[in-house]
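Hi,

Here is the structure I promised to pass on to you. Have a look at it first, and then read my notes underneath.

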Amino acid sequence: MDNNTQIILAVVTLLGSAGIWKYAEARLRVKAELRKEEQSTNDTVLYRDDLRNRVEEMDKALKEAHKELLELTQKVAKLETENSFLRREIDILKRN
Amino acid sequence: MNRLKLKAQEIKAKLTARIDSLRIIWQYSDSQPTEITLAAALVILYPIATYLELGYSPIMQVLAPIAGLYQLYCVSGRCLSCRVRASWVTFSFYLLAAVMYLYCGLLFKGPSYWGWILLSVSSFGSLKRIKKEELHRKNG
């Protein structure tokens, strides 16, 4: 096989493979887009996303509630201490 | 008779499931091992085979091993776009070999030459798998 034939065959094959690949790539892109669109309108996927959002919100609310509970517990403890102190003072005053 | 029919349906369903499974594996499985094999064949086997059977051809015996090394470099770098490029080059070289063998009248001389078609199909499949992975990562 002479050099010219080799070069011609190589160029033709290169162009052919580029054409085949461009076509296949375009098809893959279209399929991927269709799948993405399908997913965005799919009820199951939407429901799953909605559930995920709700779980995140509930997790946030639970953390805030824990924080508030801790604060309230501290306040109650403080008030109990104050209450017992005041009772003792009242008792002392009553005795006097 | 009914039992035979049921058995046949069962076998058909099983076979269909297995074929589907093979199709999914072919389309979506990891292609790195295939890429490495194809690249190694391009570096070692390709120049020797084409030199012994087609004669001296600088395009095939000098550029193909470089392309194979590039493919190995891309696989080791884990860069998807680089792998797509390298796989396309690999596919082009295997297709070129098939075309050259066809031109020289060797491709249908013996079944062992059909290996070039098999390698072309395999490299094209690998190329499609990587592109799918790239699109999947882009689209999420």
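Below is what I found, going chain by chain and then to where the chains meet. One thing to keep in mind throughout: this is a predicted model.

Let's start with chain A. It has two helices and zero strands. If you turn the model around, you'll see how stretched out this chain is: along its principal axes, the C-alpha trace spans about 125 × 35 × 10 Å. The radius of gyration tells a similar story, since chain A has 38 Å, while a compact globule of 96 residues would come out near 12 Å. Burial is scarce here too, with 3% of the 96 residues counting as buried.

A good residue to click on is A:E56, which sits in helix α2 of chain A, residues 43-95. Is A:E56 buried or exposed? Counting gives the answer: there are 10 other C-beta atoms within 10 Å of A:E56, and a residue with 12 or fewer is called exposed, so A:E56 is exposed. You can also try a distance from there. A:E82 is 26 residues away from A:E56 along the chain, and the C-alpha atoms of the two are separated by 39 Å.

Now for chain B. This one is built from six helices and zero strands, so reading from the N terminus you get α-α-α-α-α-α. Its radius of gyration is 19 Å, well over the 14 Å that the globule rule gives for 140 residues, which means that chain B is more spread out than a compact globule. The box filled by its C-alpha atoms is roughly 65 × 45 × 20 Å along the principal axes. Of the 140 residues in chain B, 30% count as buried. As for contacts in chain B with a separation of 6 or more, 66% of them join residues 24 or more positions apart.

The domain assignment splits chain B into domain 1 (1-30) and domain 2 (31-139). The C-alpha centres of these two domains of chain B lie 32 Å apart. Where they touch, four residues of domain 1 are in contact with five residues of domain 2. On the domain 1 side, those residues are two nonpolar, one polar and one charged.

Next, have a look inside chain B. Which residues of the largest nonpolar core touch the most other members? They are B:F93, B:Y94 and B:A97, out of 25 residues in that core. Two or more residues each come from α2 (32-43), α4 (58-77), α5 (80-103) and α6 (115-139) of chain B, and the largest share, twelve residues, is from α5(B). Leaving out residues up to four places away in sequence, B:A97 touches B:Y46, B:T50, B:M60 and B:W116.

Since α5(B) gives so much to the core, here is a quick check on that helix. At 1.5 Å a residue, its 24 residues should span 34 Å, and the end C-alpha atoms are indeed 34 Å apart, so the two agree. After α5(B) comes B:G105, which has a positive phi, near 75 degrees.

Finally, the place where the chains meet. There, 14 residues of chain A are in contact with 19 residues of chain B. On the chain A side, eight of the residues are nonpolar, three are polar and three are charged.

Have fun exploring!

Conventions: Residues are numbered from 1 along each chain as its sequence is written. Chains are lettered from A and ligands numbered from 1 in the order in which they are written. This is a predicted model: local features need pLDDT of at least 70, side-chain atom pairs count only at pLDDT 80 or more; totals for chains, interfaces and linings use all residues. A nonpolar core is a set of buried Ala, Val, Leu, Ile, Met, Phe, Trp, Tyr and Cys residues joined through C-beta atoms within 7 Å. A residue is buried if 20 or more other C-beta atoms lie within 10 Å of its own, exposed if 12 or fewer, and partly exposed in between; C-beta atoms are placed from the backbone. Helices (H or I, at least four residues) and strands (E, at least two) are DSSP runs, numbered from the N terminus. Two residues are in contact if their C-beta atoms, placed from the backbone, lie within 7 Å. Ala, Val, Leu, Ile, Met, Phe, Trp, Tyr, Cys and Pro count as nonpolar, Asp, Glu, Lys and Arg as charged, and the others, Gly among them, as polar. The radius of gyration is taken over C-alpha atoms; the globule rule is 2.2 Å times the number of residues to the power 0.38. The expected span of a helix is 1.5 Å times one less than its number of residues. Domain bounds come from an automatic or database domain assignment.
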